[in-house]
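Good morning, and thank you for coming. Please look at the structure as it appears, and I shall then take you through its empty spaces and its nonpolar core.

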Amino acid sequence: MTPTQRLTLAVTTATLMLTTTIGTTTAHAEDDPNDPPGTEASASAPVEVDSNDPDLKIPDGATLAQAKVLDIKTVVEEQSGDERREDTNTSVTLALQAEVLFAKNSAKLGAEAKSRISGIAEEIKTQNATRVRVFGFTDNLGSSAHGDVLSKQRANAVHDVLSQALNDADITYEVRGYGEQYPISDNSTEAGRKKNRRVEVSFPRTEA
């Protein structure tokens, strides 16, 4: 992918510190995924501020709001939209559109899929990641139940090839299908639905 094929968006988001316990699996998609992707804390805790410090200038009777962590997110997307990369200070998320990997309404990987997944495997090796998430998503066309099943099947298919490419027993996989939940674009247009039909692979960044 050349620089002219990419559009780069820098997005700054305020992320509340959340404490979430997320189950893992070394096999296939869970039947009842309750935890949404990306809900764990993504940066270190903010510096504590003493609200009674005399140098702190706040109006009488006012109190400090709950501390928040600012997380810098960089999004790089191919001009075609086939692949999307999100980097934060702690994680990497690589999203491939379903059309790149599968035929319509299918969970069977196509000819181009293996090379795309192999590229993701190389990035995981570079980051020395030992925990990898593979999440499947669909658009909102058809029944929700069908989307749930298809997204699980697609996540499983990507996981199978990815785990073979990595061939590392120390890596733990979390594989889930979310159906039409968590869209990243507008489902009212075909261009938006195309972006929502995707498989995301995410993993921690190497600590600096």
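I shall speak about an enclosed cavity, the strands beside it, the nonpolar core and, finally, a pocket.

Please keep in mind that the model before you is predicted.

Let me begin with the general idea. Rolling a probe the size of a water molecule over the atoms shows where empty space is left.

How many cavities of 30 Å³ or more does the count give? The count gives 1 cavity of that kind. The volume of the largest cavity is about 70 Å³. Its lining consists of E77, G81, D82, E83, R84, A95, L96, Q97, I184, K195 and R198. Sorted by character, the lining residues of the largest cavity comprise 6 charged, 3 nonpolar and 2 polar ones.

Which strands each supply at least two residues of this lining? They are β3, residues 83-87, and β4, residues 91-97. The most comes from β4, which gives 3 residues to the lining of the largest cavity.

These strands also belong together in another way. β3 and β4 pair in the antiparallel sense, over 5 bridges. One example is R85, whose bridge partner in β4 is L94. The connection from β3 to β4 is a hairpin of 3 residues.

From β4 we may pass to the nonpolar core. The largest nonpolar core contains 25 residues, and I124, V132, V134, L162 and V201 have the most contacts inside it. Among the elements that give two or more residues to this core are the strands β4, β5 (131-137), β6 (172-177) and β7 (198-204). The helices α1 (98-101), α2 (113-127) and α3 (144-166) likewise give two or more each.

Let us take I124 as an example. Leaving aside residues up to four places away in sequence, what does I124 touch? I124 touches A129, V132, L162, L166, I171, V201 and F203. Two of the helices just named, α1 and α3, will return in a moment.

I turn last to an open space, the second largest pocket, with a volume of about 310 Å³. This pocket is lined by 16 residues, and K104, N105, D139, L150 and R197 lie nearest its centre. α1 and α3 each supply at least two residues of the lining of the second largest pocket. Of the elements, α3 gives the most, with 4 residues. The lining of this pocket divides into 6 charged, 5 polar and 5 nonpolar residues.

To close, α3 gives residues both to the largest nonpolar core and to the lining of the second largest pocket. Thank you for your attention.

Conventions. Residues numbered from 1 in each chain as written. Predicted model: local features only at pLDDT ≥ 70, side-chain atom pairs only at ≥ 80, totals over all residues. Heavy atoms only, no water. 1 Å grid on protein atoms, 1.4 Å probe; cavity = no way out; pocket = protein on both sides within 12 Å on 5 of 7 lines; lining within 4 Å. Points joined across faces, edges and corners; volume = space filled by probe spheres on them. Nonpolar A, V, L, I, M, F, W, Y, C, P; charged D, E, K, R; others polar. Pairing = 2+ DSSP bridges. Core = buried A, V, L, I, M, F, W, Y, C linked by side-chain atoms within 4.5 Å. Buried < 20%, exposed > 50% of the residue type's maximum accessible area, 1.4 Å probe, protein only. Contact = heavy atoms within 4.5 Å.
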